[in-house]
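Reader: Could you take me through one part of this model up close, and then work outwards from there? I'd like to hear about the buried spots, the open spaces and how the pieces pack.

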Amino acid sequence: MSLWIESRKNPGKPEMVLLHGWGMSSAVWGAFADALSEYFSLTLVDLPGLGKSRDYPKPYTTDAVVDLLGGHCPDQAIWLGWSMGGQIAVAFAECFPERVTKLITIASNPCFVERDDWPSAMLEKTHLQFEQSLSDNPDKTLIRFCMLQTQGAEKGKETLKMLRTLLADTTHTAPKESLSALRDDVRQQLGCLKLPILQLFGEKDLLVPASAAGGCERLTGQQTITYAGAGHLPFYSHQEQVLNDIMAFCVAEP
């Protein structure tokens, strides 16, 4: 089974793998990937069943996705995951600790759907509505998901326009199957990782509450940053700040 990969080689620079979130493709990184490519050799992945990666595992599980990534990504790299991509990056780091030098997540929750002991997450009712809506009308559901990512945030209208343009140019083969991965709980894996971790959040994020930052700090004992006014895509609305924070983290000694 193959994945669509874009490699942007920058000889002598550290390797970095970028994983996008649900409902999108690697194209979502846009100008942010362009900025990163000055400092890193990038591997941009379209996750299975999303974007240009037409094949996907059946059943669609995070473990199966991690196995696929293992056969397509560099032997050692910094891993950067946005939203669901952050969850998958955590799972990859737990499975292949020798291959992940540092881990960065953006607007990612180790437990996206609320639990009794993890209220800083999407309401169970909301997630069930997404699952049903996705079965009834996938296109409408994806648009609604984009609206939730940008509503009330700085540069919200501009960000929503960008996301809708990307959706118009993208056809997913497994939107419903991949949504099931958001039900995973990788808190235990995150808390057990023995590597440098940076987790970034948006103050106005309607999908990953900013309060999740505190829970993640308690799990890892490592740094989190919350961007004032940012929604679910701080790498778009607060690009310079996010880039500076990532660079400072990546050049720091372990």
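Author: Let's start with S53, which sits in the loop between β3 (41-46) and α2 (62-70). Keep in mind that this is a predicted model. S53 has a relative accessible area of 1%, and since anything under 20% counts as buried, S53 is buried. What does S53 touch, leaving aside its neighbours within four places in sequence? The contacts are L3, W4, D46, L47, P48 and T173.

That loop has another feature to look at. P59 also lies between β3 and α2, and the peptide bond that joins K58 to P59 is cis, with omega at about 0°.

Two of the contacts of S53, W4 and D46, turn up again in the lining of the largest pocket. That pocket has a volume of about 180 Å³. Besides W4 and D46, its wall is made by S25, S26, A27, G51, K52, L166, D169 and T170. Sorted by class, the lining has three nonpolar, four polar and three charged residues.

T170 also helps line the second largest pocket, along with P138, D139, L142, I143, L167, A168, T171, H172 and P175. Here the space comes to about 150 Å³. Helices α5 and α6 (156-168) each put at least two residues into this lining, and α5 gives the largest share, with four. The class split is six nonpolar, three polar and one charged.

Now follow α5 to its partner. Helix α4 (residues 124-136) packs against helix α5 (residues 138-150) at an angle of about 140°, and their axes are 6 Å apart. Angles over 145 degrees would count as roughly antiparallel, so this pair is oblique instead. On the α4 side, the contact is made by Q129, F130, S133, L134 and D136, and on the α5 side by P138, T141, R144, F145 and L148. By class that gives five nonpolar, three polar and two charged residues. P138 does double duty, as it is in this contact and in the lining of the second largest pocket.

While we're on α4, have a look at H127, which lies in that helix. H127 is at 1% relative accessibility, so H127 counts as buried. Not counting residues up to four places away in sequence, H127 touches V113, M122, L179, L182 and R183. F96 is 31 residues away from H127 along the chain, and their C-alpha atoms are separated by 30 Å.

M122 and L182, both touched by H127, bring us to the largest cavity, because they are part of its lining. W22, S83, M84, F112, F145, L207 and H232 complete that lining. The volume is about 50 Å³, and the model has three cavities of 30 Å³ or more. Seven of the lining residues are nonpolar and two are polar, with no charged ones. F145 is worth a second glance, since F145 lines this cavity and also belongs to the α4 and α5 contact.

S83, in that same wall, is in the loop between β4 (77-82) and α3 (84-95). Its phi is near 55°, a positive value in a residue other than glycine. S83 counts as buried at 4% relative accessibility. A107 has a positive phi too, about 50°, although A107 is not a glycine. You'll find A107 in the loop between β5 (100-106) and α4, and A107 is buried, with a relative accessible area of 0%.

Definitions and conventions:
Residues are numbered from 1 along each chain as its sequence is written. This is a predicted model: local features need pLDDT of at least 70, side-chain atom pairs count only at pLDDT 80 or more; totals for chains, interfaces and linings use all residues. Side-chain values use heavy atoms; hydrogens and water are left out. On a 1 Å grid over the protein atoms alone, a cavity is a set of points where a 1.4 Å probe fits but cannot get out, and a pocket is an open set with protein on both sides within 12 Å along at least five of seven lines; lining residues have an atom within 4 Å of a point. Grid points are joined across faces, edges and corners, and a volume is the space filled by probe spheres set on the points. Ala, Val, Leu, Ile, Met, Phe, Trp, Tyr, Cys and Pro count as nonpolar, Asp, Glu, Lys and Arg as charged, and the others, Gly among them, as polar. Axes are lines fitted to C-alpha atoms, for helices over the stretch in contact, and angles run from 0 to 180 degrees between N-to-C directions. Angles under 35 degrees count as roughly parallel, over 145 as roughly antiparallel, 65 to 115 as roughly perpendicular and the rest as oblique. Contact means heavy atoms within 4.5 Å. Buried means under 20% relative accessible area, exposed over 50%, partly exposed in between (1.4 Å probe, protein chains only).
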